[in-house]
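Take a look at the protein below. Keep its sequence at hand as you read.

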Amino acid sequence: MQTQSKLERIFHPIFKKNGLIVSIKRDDNIHPIISGNKWRKLKFNLHFAKAHNYAGIISFGGSFSNHIHALAFACQQQGLKSIGIIRGEAEYASNYTLTMAHQWGMKLSFVDRKTYRLRDNTDYLKDLQHKYPDYLLVPEGGSNKLALAGVGEIITELNQQCEFDTLLTPVGSGGTLAGLIQADNNQHKLLGISVLKQEDYLTAQVNDLLGNDSPFDNWQILSEFHRGGYAKFSKADEQRIVNFNLQTGFIFEPVYSGKMILALLDLIERGYFAKDERIVLLHTGGLQGIGGMLQRKLLNSDDWSVPDFK
Ligand SMILES: Cc1ncc(COP(=O)(O)O)c(C=O)c1O
């Protein structure tokens, strides 16, 4: 599996008008299934599980989770078992994302929202570990300390690929941004675009992953671009992403990378960036999510197509 990703220039009239040099770190191209930040975050978790002879990995996610989708496949490839603790009803098992996870051998365990909220609770996790003693517990989104080193490889690659001023990434559970911050070591400006409403929680989560007394002050989570909350977006937002995709030839989906694009466009319009600023956008993948959104008719099927993962 090719694990480095390319850096590509992206052209758009608004970049030209504002004198911005914008590139995309194509982590979406790392692998059709374990794409984007998924591979980066899972890499050392998989190594750890194998090195310590765990039978498998247990993790958490919503019923259309990119993380669950990638984890199921990655575990199957590595000869590990996998269990997904899924927020929601058992009927979700036949949806776009979970059908594949199940096919790749993941055991799906559905829990109600109240139980799901315990996913970081020490006692709950202790009980789970007791029930599955030979499984490695990995938090929602794969965002744990083991994830940081894998994500940090993005910075190592970027430093060999280009010089840049600012890196943008979508933020969901914070592991990706934390890994970038740690590896960047205060070299560049790092902007996280929160795709959900709880910005305080995310900042705390990133600080927690970085550890006490983190010396890094070159990062910020911008919280006003969530467009109503996790996986929420208006028809107008969707149309702006579709237009951007058509104009640039790249595919951004509306839950993560598309929200980063909308934030970028809004920030440019506000004059946020300096002339000649060199911006890198981290494409965190997640294109499988389009399949589930089409299935739920949340996207206009004339504008989007289902990625082929079979
Ligand atoms: C496609 C995609 N992009 C970005 C993110 C956000 O990354 P993180 O959860 O590490 O903040 C996620 C969630 O993990 C994701 O699935």
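What follows is a short walk through the domains and the place where they meet.

This is a predicted model. Start with the division of the protein. It has a domain 1 (7–32 + 145–295) and a domain 2 (37–142). Domain 1 is thus listed as two stretches of sequence, while domain 2 is listed as one. Measure between C-alpha centres in the viewer if you like: the centres of the two domains are 25 Å apart.

Now go to the contact. Domain 1 brings 24 residues to it, and domain 2 brings 21 residues. Together the domains bury about 1,900 Å². Carbon and sulfur atoms give 52% of that area. Some residues of domain 1 stand out here. Leu146, Gln288 and Gln295 supply 31% of the area that domain 1 buries against domain 2. No other three residues supply more.

What holds charged partners across the interface? The rule finds three salt bridges between domain 1 and domain 2. Look also at Arg40 and Asp27. Their side chains meet in a salt bridge, with N and O 2.7 Å apart. Polar contacts are counted as well: nine residue pairs make them between the two domains.

Which elements of domain 1 give two or more residues to the side that touches domain 2? They are α7 (145–161), α8 (175–184) and α12 (289–295). The largest share comes from α7, with eight residues.

Finish with the kinds of residue on this side of domain 1. Eight are nonpolar, 12 are polar and four are charged.

Note on methods
Residues numbered from 1 in each chain as written. Predicted model: local features only at pLDDT ≥ 70, side-chain atom pairs only at ≥ 80, totals over all residues. Heavy atoms only, no water. Domains from an automatic or database assignment. Contact = heavy atoms within 4.5 Å. Buried area = accessible area lost by both parts, 1.4 Å probe. Salt bridge = Lys/Arg side-chain N within 4 Å of Asp/Glu carboxyl O. Polar contact = N/O pair within 3.5 Å; in protein donor to acceptor, adjacent residues only side chain to side chain. Helix = DSSP H or I, 4+ residues; strand = E, 2+ residues; numbered from the N terminus. Nonpolar A, V, L, I, M, F, W, Y, C, P; charged D, E, K, R; others polar.
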